[in-house]
Amino acid sequence: MTDETALTAKSIPGTVLSIDAMGSDLGPAAVVSGMAKSARKNADLRFIVHGDRPELEGLIERRRILTDRCEIRHADGVVTMDAKPSVVMRQGKGTSMWSAIDALRAGEAQAMVSCGNTGALMAISMLRLRKIEGVNRPAIGCLWPSRGPQGFNVMLDCGADIRADAEDLLQYALMGASYARNGLDLPRPRVGLLNVGTEDHKGRAELKYAAELIETVSHAADFEFVGFVEGGDLPSDRLDVIVTDGFTGNVALKTGEGTARLISDLLKEAFRHSPMSRLAAIMAYTSLRRLSKRIDPRRVNGGVFLGLNGTVVKSHGSADGTGVSAAIKLAARLAAAGFAKRLAARIADAEQAAAAAIDMEGRTP
């Protein structure tokens, strides 16, 4: 694809996404495959694709659905998975990741997607996009399959920062509630705080204090606080948002994904065990396929960086085309909803409401 055939974001109607094509463990082919899958389902999608121009031109030209829907921006550098965020912040200006974030910063795209190094992506995003006023620590919000009517719960933080004090957890609750409103269309989300038990006396001191703060501001911020929840509640229908620190959230997320893959593998082994079991698999094919989709981690791939002046979606580094497409779908939905601006406005309003509520309670967070 040449410069003459490429389209600029400002000249294209619809939703424009900035794509870091070089950060995937599987290479840019997996990213372009995900773009093509998404383009088939959404005619309004357009892409600004960042990376090695000759390689990307060849990959995109083989996908007819992407014709005239991509602009390629050449970037020589690639942020590797083992790169230190501090080094990338100093030396990463010529990389595809930096270029993709800058397109979002300039307003040429409405959201950005990358499969690259999480720490580096967060560091560059914070440097170039800056935090929303009033946010101390950005968080990664992920979707967790659930029994709820919406099919998913929101969990944060999923690995942006392993630390989180009571005030950080309060902000996570505010951001998670806003994400649930815009991403899951829930007018009054139910928020739970992850703990080792549901009893009030259990947990670390900062968790108990965080629960008090969240309860105090919940009415003013227009969400319902259901109190402490346990690991078994993550997929339940009694809440919509799970709040925790990044260390715990990341461990829970990876454990859930691993368990889903194990269940899928064990089902396949069981139905291949004998001729009768293979016959049973054929008879139950439709139901098995439906189950496979529900527990497939690729279909809920994509963590949203919350608390920044821009919508950044982080896809798994090992995601294939299906996984990348899921991340793109999430980014497109949030972009179409104007999520970044809504979140900033919600945080500002919630901070004022929280301050007023805490003052009325005679507390100082």
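## Overall build

The protein chain has twelve helices and eleven strands. Do keep in mind as you browse that this is a predicted model. The mean pLDDT of the protein chain is 84, with 87% of the residues at 70 or more. One stretch to treat with care is residues 1-12, where the pLDDT is below 50. Beyond near neighbours in sequence, that stretch has 26 contacts in the model.

Of the 365 residues in the protein chain, 52% are buried. Contacts often link parts of the sequence that lie well apart: among those between residues at least 6 apart, 73% join residues at least 24 apart. As for the outside, the accessible surface of the protein chain is about 16800 Å², and carbon and sulfur atoms account for 53% of that area.

## Cysteines

If you are wondering about disulfides, a search of the whole structure finds zero. A disulfide is a covalent bond between the sulfur atoms of two cysteines. Cysteine 158 is a helpful case to look at: its closest cysteine sulfur belongs to cysteine 142, and because the two sulfurs are 3.4 Å apart, they are too far from each other for a bond. The cut-off applied here is 2.5 Å between the sulfur atoms.

Cysteine 158 has a relative accessible area of 3%, so this residue counts as buried. Cysteine 115 is buried as well, because its relative accessibility is 2%.

## Arginine 69

Where does arginine 69 sit? You will find arginine 69 in the loop between helix H2 (53-61) and strand S3 (70-74). Is arginine 69 buried or exposed? Arginine 69 is buried, because its relative accessible area is 10%, and the cut-off for buried is under 20%.

Leaving aside residues up to four places away in sequence, arginine 69 touches Ala39, Asn42, Ala43, Asp44, Leu45, Arg46 and Phe47. Isoleucine 48 is 21 residues from arginine 69 in sequence, and their C-alpha atoms are 8.6 Å apart in space.

## A nonpolar patch on the surface

Which residues make the nonpolar surface patch of about 510 Å²? They are Met276, Leu279, Ile282 and Met283.

To look at one member, leucine 279 lies in helix H9, which spans residues 275-283. Leucine 279 has a relative accessibility of 44%, and therefore counts as partly exposed. That class covers values between the buried limit of 20% and the exposed limit of 50%.

Technical notes. Residues numbered from 1 in each chain as written. Predicted model: local features only at pLDDT ≥ 70, side-chain atom pairs only at ≥ 80, totals over all residues. Heavy atoms only, no water. Patch = residues over 30% accessible without salt bridge, like charges linked within 9 Å, V, L, I, M, F, W, Y side chains within 5 Å. Areas by Shrake-Rupley, 256 points an atom, 1.4 Å probe, with all protein chains shown as cover. Salt bridge = Lys/Arg side-chain N within 4 Å of Asp/Glu carboxyl O. Helix = DSSP H or I, 4+ residues; strand = E, 2+ residues; numbered from the N terminus. Buried < 20%, exposed > 50% of the residue type's maximum accessible area, 1.4 Å probe, protein only. Contact = heavy atoms within 4.5 Å. pLDDT = per-residue confidence, 0-100.
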